Amino acid sequence: IAAKKAKEVVEVAEAADNTKTILTAGAGLVAAGAAAMKLTSSASVGLAQEFLEAEPYWDQSTIPVNVYKNKSPFTGKVVSTKRIVGPKATGETCHIVIDHNGDFPYWEGQSWGVIPPGNREKDGKPHAVRLYSIASSRYGDDMTGNTGSLCVRRATYWCPELKAEDPAKKGICSNFLCDTQPGDEVKMTGPT
């Protein structure tokens with residue numbers, strides 16, 4: 001009986017030693033995987049995610065405000081425009097991604113002013129700026145800080161007499177934005 005108990009103790013000790021070896025190997029694999037992920041994510045972005053960060057974190061003195069104004073707006077290029085509501089939804093909402101090459105930084109909660117092309121019919125003056133909340137984080141849609149996006153609902157007016165949309169009363173800027181194609185230029189002000 002003593003020999004049998006001694007054998008059981010040896011087996012338990014060997015099992016514990018094997019478990020320790022397995023855990024050590026597993027920890028090594030986890031550490032290697034984490035290091036590989038860090039290298040991969042840094043390489044894919046090309047830089048650390050420290051740009052546009054406040055130091056200390058609560059300092060808001062570096063938030064860009066009204067960098068571009070009506071008389072000297074920024075010109076961005078549309079990367080994509082996609083409808084983001086279903087076919088049976090009332091109205092149309094579009095997600096518009098705009099490339100600014102990192103020259104138009106912003107923070108979450110700010111908005112861009114968009115100047116629609118053309119002039120007003122009533123007096124021939126340029127259209128006024130329309131403000132749209134920025135829908136992406138300060139790092140943009142691709143985490144490089146080179147793009148920003150707007151979610152815009154196309155403004156239309158339903159005429160009860162015509163029982164149809166009245167094209168004479170459609171929103172100038174929202175329709176311009178929802179109709180943009182990749183490569184189109186958009187004049188913008190802000191951020192505010």
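Helices (H or I, at least four residues) and strands (E, at least two) are DSSP runs, numbered from the N terminus. The model is predicted: local features need pLDDT of at least 70, side-chain atom pairs count only at pLDDT 80 or more, and totals for chains, interfaces and linings use all residues. Residues are numbered from 1 along each chain as its sequence is written, and side-chain values use heavy atoms, with hydrogens and water left out.

**Exercise 1. Describe the elements of the chain and the order of strands in the open sheet.**

Solution.
Step 1. The chain holds two helices and eight strands. Read from the N terminus, they follow the pattern α-β-β-β-β-β-β-β-α-β.
Step 2. Six strands form an open sheet in the order 4-3-8-1-2-5, and the pairing is antiparallel. Two strands are taken as paired if DSSP finds at least two bridges between them.
Step 3. Strand 4 (130–133) and strand 5 (147–153) each have a single partner strand, so they are the edges, and one side of each lacks a neighbour in the sheet.
Step 4. On average, neighbouring strands of this sheet are turned by 45° against each other, direction ignored. Axes here are lines fitted to C-alpha atoms, for helices over the stretch in contact, and angles run from 0 to 180 degrees between N-to-C directions.

**Exercise 2. Examine the pairing of strand 3 with strand 8, and the segment that follows strand 8.**

Solution.
Step 1. Strands of a sheet pair through backbone hydrogen bonds, either parallel or antiparallel.
Step 2. Residues 111–115 (strand 3) and residues 185–189 (strand 8) pair in the antiparallel sense over three bridges. Ile-115 lies opposite Lys-187 of strand 8.
Step 3. Pro-191 belongs to the segment after strand 8. The peptide bond between Gly-190 and Pro-191 is cis, with omega about 0°.

**Exercise 3. Locate Asn-66 and Lys-163, and state phi and exposure for each.**

Solution.
Step 1. Asn-66 sits in the loop between helix 1 (2–45) and strand 1 (74–83). Its phi is near 50°, a positive value in a residue other than glycine.
Step 2. Lys-163 sits in the loop between strand 6 (158–159) and strand 7 (164–165). Phi of Lys-163 is positive, about 55°, although the residue is not a glycine.
Step 3. For exposure, buried means under 20% relative accessible area, exposed over 50%, and partly exposed in between (1.4 Å probe, protein chains only). Asn-66, with a relative accessible area of 34%, is therefore partly exposed. Lys-163 has 63% and is therefore exposed.

**Exercise 4. Work out the surroundings of Asn-175 and of Leu-177.**

Solution.
Step 1. Asn-175 is part of helix 2 (residues 172–178). With a relative accessible area of 6%, Asn-175 is buried.
Step 2. Contact means heavy atoms within 4.5 Å. Not counting residues up to four places away in sequence, Asn-175 touches Arg-154, Ala-155 and Lys-170.
Step 3. The side chains of Asn-175 and Arg-154 are joined by a polar contact of 2.7 Å. Such a contact is a pair of N or O atoms within 3.5 Å; within protein, one must be able to donate a hydrogen and the other to accept it, and residues adjacent in sequence count only if both atoms are side-chain atoms.
Step 4. Leu-177 contacts Thr-81, Ile-96, Val-114, Tyr-132, Leu-150, Val-152 and Val-186, leaving aside neighbours within four places in sequence.
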